[in-house]
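Student: I'm new to this structure and would love a close look at a single part of it. Could you pick one spot and walk me through its surroundings?

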Amino acid sequence: MTPVYYLIIELIELYKYALIIYIIGIWLTQFNIINGSNRFVYIIMSSLHKLCEPSMRIIRRFIPRFGNIDISPIVVFILLEFLKRLIIEYWPI
């Protein structure tokens with residue numbers, strides 16, 4: 001069972017990194033630091049959008065936006081860390 005345990009932990013970590021890269025990419029495209037119409041940037045951001053947006057959409061249903069500030073990525077990040085620590089604590093190795 002330990003390979004499955006390590007796989008789940010690593011997938012959670014990779015998802016957290018993808019979430020961070022997605023949020024930074026959104027900021028960079030909104031402030032016109034990187035060109036969103038560039039094909040490479042578009043492919044990367046589209047892939048990250050398809051990966052990260054469903055979890056943030058679930059959180060957005062329950063937590064309202066505070067003006068222009070969207071805290072759903074922070075909540076998703078905290079929930080992922082909680083899930084990882086829960087698995088580490090209670091997974092029988």
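Tutor: Let's take Phe 31, which is exposed in this predicted model. Its relative accessible area is 63%, and because exposed means over 50%, Phe 31 counts as exposed. You will find Phe 31 in the loop between α1 (2-30) and α2 (39-62).

Phe 31 also belongs to a nonpolar patch on the surface. Its partners there are Leu 7, Leu 11, Leu 14, Tyr 17, Ile 20, Ile 21, Ile 24, Trp 27 and Ile 33, and together with Phe 31 they have about 1100 Å² of accessible area.

Now look at the helix before the loop. α1 has 29 residues and spans 42 Å from its first C-alpha to its last, close to the 42 Å expected at 1.5 Å a residue. After α1 comes Asn 32, with a positive phi near 55°.

α1 has buried residues too, among them Tyr 5, Ile 9, Ile 12, Leu 19, Tyr 22 and Ile 23. Charged residues appear in that list as well, including Glu 13 and Lys 16. The cover over the buried residues of α1 includes α2 and α3 (72-90).

Tyr 22 leads us across to helix α2, where Glu 53 is found. Glu 53 is in contact with Tyr 22, Leu 48 and Arg 60, leaving aside its neighbours within four places in sequence. With a relative accessible area of 9%, Glu 53 is buried, because buried means under 20%. So our tour began at Phe 31, which is exposed, and ends at Glu 53, which is buried.

Conventions
Residues numbered from 1 in each chain as written. Predicted model: local features only at pLDDT ≥ 70, side-chain atom pairs only at ≥ 80, totals over all residues. Heavy atoms only, no water. Patch = residues over 30% accessible without salt bridge, like charges linked within 9 Å, V, L, I, M, F, W, Y side chains within 5 Å. Areas by Shrake-Rupley, 256 points an atom, 1.4 Å probe, with all protein chains shown as cover. Salt bridge = Lys/Arg side-chain N within 4 Å of Asp/Glu carboxyl O. Helix = DSSP H or I, 4+ residues; strand = E, 2+ residues; numbered from the N terminus. Buried < 20%, exposed > 50% of the residue type's maximum accessible area, 1.4 Å probe, protein only. Expected span 1.5 Å × (residues − 1). Contact = heavy atoms within 4.5 Å.
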